[in-house]
Amino acid sequence: MAADPTSQVPVVIAGAGPAGLVAAVTLARNGVRSLLVERSQGLSPLPRATAVSTQTMELLRSWGLEDQVRAGQLDLNSTGAWAAETLASPDGVELPLGVAGIEQAAAASPTTLAAVPQDHLEPVLLGHLEALGLTEIRFGTELSALGQDADGVTVTLRQRAGGAERAVRAAYLVGADGAHSAVRRLLGIAMDGPDHLNEQLTVLFEAPLGEVVGDRRHGIYFIQQPEAGGVLVPNGAGDRWLYGRGWDPPRERLEDYTDARLTGLIRAAAGVGDLPVRVVAKGAFSFAAQVAERYREGRAFLVGDAAQRMTPRGGMGMNTAVAEAHDLAWKLAWVLNGWAGPGLLGSYEAEWRPIGARRTARSAQDGAEPDGAEALAEDLNGRLPHAWVPSADGHPRSTLDLLGPGLTLLTGPGAGAWPAAVAALDTPFPLTLHTLDPATATALGIDPDGAILARPDAQVVAHWPSAPADPAAALSRAVVASAGRRRPVRPAERAYLRSGARAPGAETAARPVRLRARGARPRPTVRDRERPHRPPGGRHPPPAAAPQAGKPA
């Protein structure tokens, strides 16, 4: 099918789960249009994942969505699990789940982790996306074919009801279409790692179990009853729960588990013989620990479950998907807005595939849970430290709140030559400077004349504990490195790119050109000597053992 020349968009996103929605929101908040397609007729009605990590909550908070998200959070009083013979058993033991405690998270972040069912989170994201007004959203539409060349990607979209097809030309494609990704299959990207690690039968049901657990309000309960062992997981308002247990697909059929049989198993697991149970849905899934051989093929990218399949253990699957989608989308926006060269996009796989591989392997390992501090460090991923910044209006602000859509330079109270260094740079993206008070500067590990340069995702580009010999040169090198080392796109090219087409020459400049001070001659390339960023008082998290597989998130 030939592409319709009027059907053009900067980015096509396949999949409207958390990863796809976050990618579309990030693009829209940066002024970039996209087309979001989802093969289902609407958002998933199932709760799926409930663990929303501290880093994910930081992103939602920055978008002004924290209150809406927390309106659907579960009423828990522990971040650990509870193990007992039945839910009603008077005796049991609390087990760590390898996540930070609320107090730990609050000390390191302006927000904390939450337990929010995915069928509450996704409508919040969709509503925000619709309010931004830059995304075409098509449910009941699947991506059935794709082709790409040096100039862009052409995808064929098919309506599942009726079969009507449509060709769309885009600058980039994001595959956020889940564990069985059509985009990944069409790109010919294989998965590395084991599948079928654990076969689980799951039942979504409603029952008044709140009065059974009483004050032991945990996110997961490990049931050891001989005939009905498994897990019970609170999954939303109205006494909605999930029951999960191992099963043997080669010898059993899903049809063998009638509502009556499931009700008996749930009553046995709860320890309440006459518990009223309403079975809502049942299904089965396999645990896997697989990572895509690559996260990119030309102008097409994989994020979330399309890029890596984790077991539910550790609760990092959805949160990794959100972080990957945000990272890729702000980088796509920078390129499409002419703020950076296409070389910036190479940093997505370079940064996130090692993280995805580490977290995937960790989710499938036996052994002790990581402690809360280590789990929090893994989640926050070495981002800019949080500290509360004094404000004149009395409303507390975090150092994370100072970050903008471009680069942000945070300096010590002595500022020194940094303001002049910022003013001298002619950058195609916003370069914002904030001078910190002494206490905040100390918390960030910088002297009165030091500085930290951070990206929109709070990752630190450069950390100068004290002023370098030539702040202007040091800042210029760091800024150029962060922008993909290329000349800025001209205004006409930028408008053409954002229309969905490719500006001739806009992404194939023959020579990378360094940013330079206004009126100055280009400096020769010099290796940066700035020390790598290390959060004060901490270290980047090493790989660690993960909890046992078999804990649905």
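How many salt bridges does a search of the whole structure find? The search turns up 27, a salt bridge being a side-chain nitrogen of Lys or Arg within 4 Å of a carboxyl oxygen of Asp or Glu.

Before you click around: this is a predicted model, where local features need pLDDT of at least 70, side-chain atom pairs count only at pLDDT 80 or more, and totals for chains, interfaces and linings use all residues. Residues are numbered from 1 along each chain as its sequence is written, and side-chain values use heavy atoms, leaving out hydrogens and water.

**Stop 1: the whole protein.** Colour by secondary structure and you have 15 helices and 26 strands; these are DSSP runs numbered from the N terminus, helices being H or I with at least four residues and strands E with at least two. Of the 553 residues, 55% are buried, meaning under 20% relative accessible area, with exposed over 50% and partly exposed in between (1.4 Å probe, protein chains only).

**Stop 2: the sheet.** Select strands S24, S23, S25 and S26, which form an open, mixed sheet in that order; two strands pair if DSSP finds at least two bridges between them. S24 (431-435) and S26 (460-464) are the edge strands, each with a single partner, so one side of each has no neighbour in the sheet. Now pick S25 (residues 451-454): four bridges join S25 to S26, and the two run antiparallel. One bridge to show is Ala454 with Val460 in S26. Add helix H14 (residues 471-482), which packs on the sheet and touches S23 (407-411), S24, S25 and S26. Contact here means heavy atoms within 4.5 Å.

**Stop 3: Asp327 and Arg455.** Show these two side chains, which meet in a salt bridge (3.5 Å, N to O). The pair links distant parts of the chain, with Asp327 in helix H9 and Arg455 in the loop between S25 and S26, 128 residues apart. Buried or exposed? Both Asp327 and Arg455 are buried. Extend the selection to Lys331, Glu351 and Asp457, and you have a network of salt bridges that includes Asp327 and Arg455.

**Stop 4: Glu66 and Arg70.** Here the closest N and O atoms of the salt bridge are 3.0 Å apart. The two residues sit four apart in helix H3 (residues 66-70), so about one helical turn separates them. Glu66 is buried, at 16% relative accessible area.

**Stop 5: Glu136 and Arg138.** This salt bridge has its closest N and O atoms 2.8 Å apart. Glu136 is partly exposed at 28%, and Arg138 is partly exposed at 43%.

Technical notes. Axes fitted to C-alpha atoms, helices over the stretch in contact; angles between N-to-C directions.
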